[in-house]
Protein chains: 2
Amino acid sequence: MALSERRGRILAFIVDDFIDSATPVGSQSLVERHALGLSSATVRNEMAALEDEGLITHPHTSAGRIPSHRGYRYYVSSLMPERNLSSQEQFTILHQFHQASGQLEEWVQLAASVLANNLHNVALVTQPRLLEVRLKHLQLVELLDNRALLVVVTTDSGAHQRTLEFPVTMHQEALSRLANRLNAEFGHKTVAEFPSRERSAPLGEAELVVVTAVTDLLLREEQAAVEAPIVEGVREMLRQPEFGHSDRMLDTLEAVDERRLRDAIPSGAMGEGDVAIVIGDENRPGPYQDMSFVLARYGLPGGASGMLGVLGPTRMAYGDAVANVRYVSDVLTELMRRLHEGE
Amino acid sequence: MALSERRGRILAFIVDDFIDSATPVGSQSLVERHALGLSSATVRNEMAALEDEGLITHPHTSAGRIPSHRGYRYYVSSLMPERNLSSQEQFTILHQFHQASGQLEEWVQLAASVLANNLHNVALVTQPRLLEVRLKHLQLVELLDNRALLVVVTTDSGAHQRTLEFPVTMHQEALSRLANRLNAEFGHKTVAEFPSRERSAPLGEAELVVVTAVTDLLLREEQAAVEAPIVEGVREMLRQPEFGHSDRMLDTLEAVDERRLRDAIPSGAMGEGDVAIVIGDENRPGPYQDMSFVLARYGLPGGASGMLGVLGPTRMAYGDAVANVRYVSDVLTELMRRLHEGE
DNA sequence: GTTAGCACTCTTGGCATGAGAGTGCTAATA
DNA sequence: TATTAGCACTCTCATGCCAAGAGTGCTAAC
């Protein structure tokens, strides 16, 4: 189904106008705002046709038109002008990253803030993860009696800690020896490559406690490849008129809970390379049926990578969203590349 | 100012009724609900007197009465029955803690959930901190070229990490030697006790990089004694009728931002031992003028400690709040004591 | 194919109205 | 003297009505 040029132009105007006014757009106001060489009556005819195609609807008989989910989809796929950030906009963003410290976590947080502020919607960013996590180094620190702190450093350059309890009291010296032994045996291996129980020297009780914990930590880390994202800008989004009623607001507040989002982000939609857009009912059933995601991957091919994007009402400035998400993702990727290559 | 017994009883009924109905309470309904041996006219007279004292008000001429902030204060200080959790309630809470793992962070998170669920308001819990932080142990792990990961374990049993950049490339062996040397010199000291530059052996460039970072981490840790609290149950609270309008909801959403709360929690009000209550305009000027805090400290005297409590509208079930906050604080304290003493 | 014209529909805001809840005051009562 | 019955009065809230405004769909003319 491809629309005639004129019909497409009208749909694009409807989408544009609705995106920025949030009120249904009528035939009259459309010809006034855009120097269409047409009368409102003609536009009405075209609108009726667009409605037959299922691309727009009215909320009630005497109201203007609003895009349907299919209308947005058509707009995004066929009508939306390709837009990149102006160099002014790019500079503003870059500047913020240069202000920040060189810590990866801080960049990720900053990316979320930038997206939320620029797009007035919810920004989602996950920490970068390696799909394959290797144990780099483990360390044991004496705490009290039979307790010790286990610190595990993994190849995705994160350190994790956990308190362990041994059957008997272990002093620092014994702990260090134990750590050395385990580092030799398990270091630089993925969980899958850990020597099986039979093959390796039989493990003592103390070893077993540590290995169990390490295995568990690494597994969690791998499973957390899609971990709960950082969520910024909830208030920005809720200020939009679609959330003006407190019921809708409460429901939405529930929908943007980190824990709920973790499973709901349509990461399947993200292919390689470009920005993915998931609109309204293209989402899996649930509370996101009236919202859209604009998502991209960032990070190093073969290395650590994460996801970032925006979530907002279906009435979202898709052009701006795509441009911002793409640019911020490129910036993050570039920063990670430099970090990895040591400048 | 002390009220007559009867007037006090009436005030208490007004507060109780208003807390659970959220609508202004009239003289008529008051005599109906509580077998007061009085006519509504008498109650009206008493109400007029209470209003003269500034303990209650009407929203408009023909509405029932609602407690003023001073009214709540009087209620809380002089009228509210002392209430402790029933053993059933206690058991339910304890059960949840026993289900959880033995990790401190998890307990803290759980405490927040329990409070939020039981009280239908926002729960606030800070991680326990030692006021005096000592360096327990530091470790350096080679990353790439001249970069290394610094892991610092402190006495408040937290591990912290940071990426360092050395002027020259350092291999793991050199890093370990360096770490050992620094552990010997700085281990088990607070920042204040770190040997001054002059006294200690002159530091090389590499040492300096590490020491600077460690000092910075410890200082941050000490300053973070009041860190951003865990916030749970925002949605629970926003369901209450006082937040029914979306404007109020947005303002409140802003007020319960972790970063904003960190500075706003009236921790000064917390004396030793018991639960502190801060009502409405007793808060410092700002967005919390219509809300109340119920707060307590938890943790070991002289050891790590933190704060926990609830934030809600001034119309809050203070009795329940106090009982829950007190109990959860006791449970956490007890758990920490056991952890510290090794069961 | 386009457009002018017009009847029709639906929302929205303003306004009046009446029921309901509650108050304050006065005068009678215990 | 404290309490209470009674009553006029006030204010909110829901309801219904009306007029204005915006927009549509259809028909007939260009």
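Two strands pair if DSSP finds at least two bridges between them. Keep that in mind as you look through these close-ups of a predicted model.

**View 1. Strands E4 and E5 of chain A make an antiparallel pair.** Seven bridges link E4(A) and E5(A). To find your place along the pair, look for A:His137, which sits opposite A:Val153 in E5(A). The two strands form a hairpin with four residues between them. In this hairpin, A:Asp145 is worth a look, as its phi is positive, near 50 degrees. Now turn to the surroundings of E4(A): seven of its eight residues are buried, so the strand is largely enclosed by the rest of the structure.

**View 2. Chain A meets chain B.** Chain A brings 28 residues to this contact, and chain B brings 30 residues. On the side of chain A that touches chain B, the elements giving two or more residues are strands E4 (135-142), E5 (147-154) and E6 (159-165), together with helices H9 (234-238) and H10 (246-255) of chain A. You have already met E4(A) and E5(A) as the partners in the hairpin. The most comes from H10(A), which gives five residues to this side. Sorted by kind, the residues on the side of chain A that touches chain B are 11 nonpolar, 11 polar and six charged.

**View 3. Strand E3 of chain B pairs with E10(B) and with E7(B).** Start with E3(B), which covers residues 122-125. E3(B) runs antiparallel to strand E10 (residues 305-313) of chain B, and four bridges connect them. Here B:Val122 lies opposite B:Leu311 in E10(B). Strand E7 (residues 230-232) of chain B is also antiparallel to E3(B), with three bridges joining the two. For this pairing, look for B:Ala123, whose bridge partner in E7(B) is B:Glu232. Next, follow the side chains of E3(B): which way do B:Val122 and B:Leu124 point, and which way do B:Ala123 and B:Val125? B:Val122 and B:Leu124 point one way, while B:Ala123 and B:Val125 point the other way. Each of these four residues is buried.

**View 4. A:Ala41 belongs to helix H3 of chain A.** This helix spans residues 40-52. Is A:Ala41 buried or exposed? A residue is exposed if 12 or fewer other C-beta atoms lie within 10 Å of its own. A:Ala41 has 10 other C-beta atoms within 10 Å, so A:Ala41 is exposed. For a second landmark, find A:Gln28, which is 13 residues from A:Ala41 along the chain. The C-alpha atoms of A:Ala41 and A:Gln28 are 8.4 Å apart.

Terms used. Residues are numbered from 1 along each chain as its sequence is written. Chains are lettered from A and ligands numbered from 1 in the order in which they are written. This is a predicted model: local features need pLDDT of at least 70, side-chain atom pairs count only at pLDDT 80 or more; totals for chains, interfaces and linings use all residues. A residue is buried if 20 or more other C-beta atoms lie within 10 Å of its own, exposed if 12 or fewer, and partly exposed in between; C-beta atoms are placed from the backbone. Two residues are in contact if their C-beta atoms, placed from the backbone, lie within 7 Å. Ala, Val, Leu, Ile, Met, Phe, Trp, Tyr, Cys and Pro count as nonpolar, Asp, Glu, Lys and Arg as charged, and the others, Gly among them, as polar.
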